Amino acid sequence: MLSIGINIVNRKIIQKKIKMLVFASDINPPELVEHLLMMAATMKIYILSPQLTQKEMGENLGLRTAGVIGINDNVSSDIFDVLLPFAQ
């Protein structure tokens, strides 16, 4: 359902298995995820950027930090429909 981390998300985008990307607001330097944003735009993947830090996103997932989360294409449509209005 979720792919967490730049490398895993990158791999899943290439495999066309990501429906939406969620980025933490404090990724530094932003160039770390620039290629993911370009790939998402090219492949028409929704982008969500809540005002949450990497630490806050990670804690909500039971991890130390999480800067990038990919929501996989097999996610429940109910969850996706709730998030979609907030996506770019």
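1. Ser3 has a relative accessibility of 3% in this predicted model, and because buried means under 20% relative accessible area, this residue counts as buried. Its place in the fold is strand 1, which covers residues 2-4.

2. The surroundings of Ser3 can be described from its contacts, leaving aside residues up to four places away in sequence: Ser3 touches Ile8, Val9, Lys12 and Ile18, and also Val68, Ile69, Gly70 and Asn72. With Asn72 there is, in addition, a polar contact that joins the two side chains at 2.9 Å. A reader who wishes to inspect this pair may note that Ser3 belongs to strand 1, whereas strand 4 is made up of residues 68-72.

3. Leu61 offers a second position to examine, and it is found in the loop that runs between helix 3 (54-60) and strand 4 (68-72). Is Leu61 buried, partly exposed or exposed? Its relative accessible area is 33%, and Leu61 is therefore partly exposed, since that class lies between the 20% limit for buried and the 50% limit for exposed.

4. Which residues does Leu61 touch, when those up to four places away in sequence are not counted? They are Leu2, Ile4, Ala66 and Ile69. One of these, Ile4, is 57 residues from Leu61 along the chain, yet the C-alpha atoms of the two are separated by 9.7 Å. Ile69, for its part, is touched by Leu61 and is also among the residues that Ser3 touches.

5. Turning to the protein as a whole, there are four helices and four strands, and when they are read along the sequence they follow the pattern β-α-β-α-β-α-β-α. The radius of gyration is 12 Å, close to the 12 Å that the globule rule gives for 88 residues, so the protein is as compact as a globular protein of that length. The C-alpha trace spans about 25 × 25 × 20 Å along its principal axes.

6. Contacts across the sequence deserve a separate remark: if one takes the contacts with a separation of 6 or more, 80% of them are accounted for by residues 24 or more positions apart. As for burial, 32% of the 88 residues count as buried, and Ser3 is one of the buried residues.

7. On the surface, the protein exposes about 5500 Å², of which carbon and sulfur atoms supply 55%. The charged side chains comprise 8 positive and 8 negative ones, and the centres of these two sets lie 10 Å apart.

Key
Residues numbered from 1 in each chain as written. Predicted model: local features only at pLDDT ≥ 70, side-chain atom pairs only at ≥ 80, totals over all residues. Heavy atoms only, no water. Helix = DSSP H or I, 4+ residues; strand = E, 2+ residues; numbered from the N terminus. Buried < 20%, exposed > 50% of the residue type's maximum accessible area, 1.4 Å probe, protein only. Polar contact = N/O pair within 3.5 Å; in protein donor to acceptor, adjacent residues only side chain to side chain. Contact = heavy atoms within 4.5 Å. Rg over C-alpha atoms; globule rule 2.2 N^0.38 Å. Areas by Shrake-Rupley, 256 points an atom, 1.4 Å probe, with all protein chains shown as cover. Lys, Arg positive; Asp, Glu negative; His and termini not counted. Charge placed at Lys NZ, Arg CZ, Asp CG, Glu CD.
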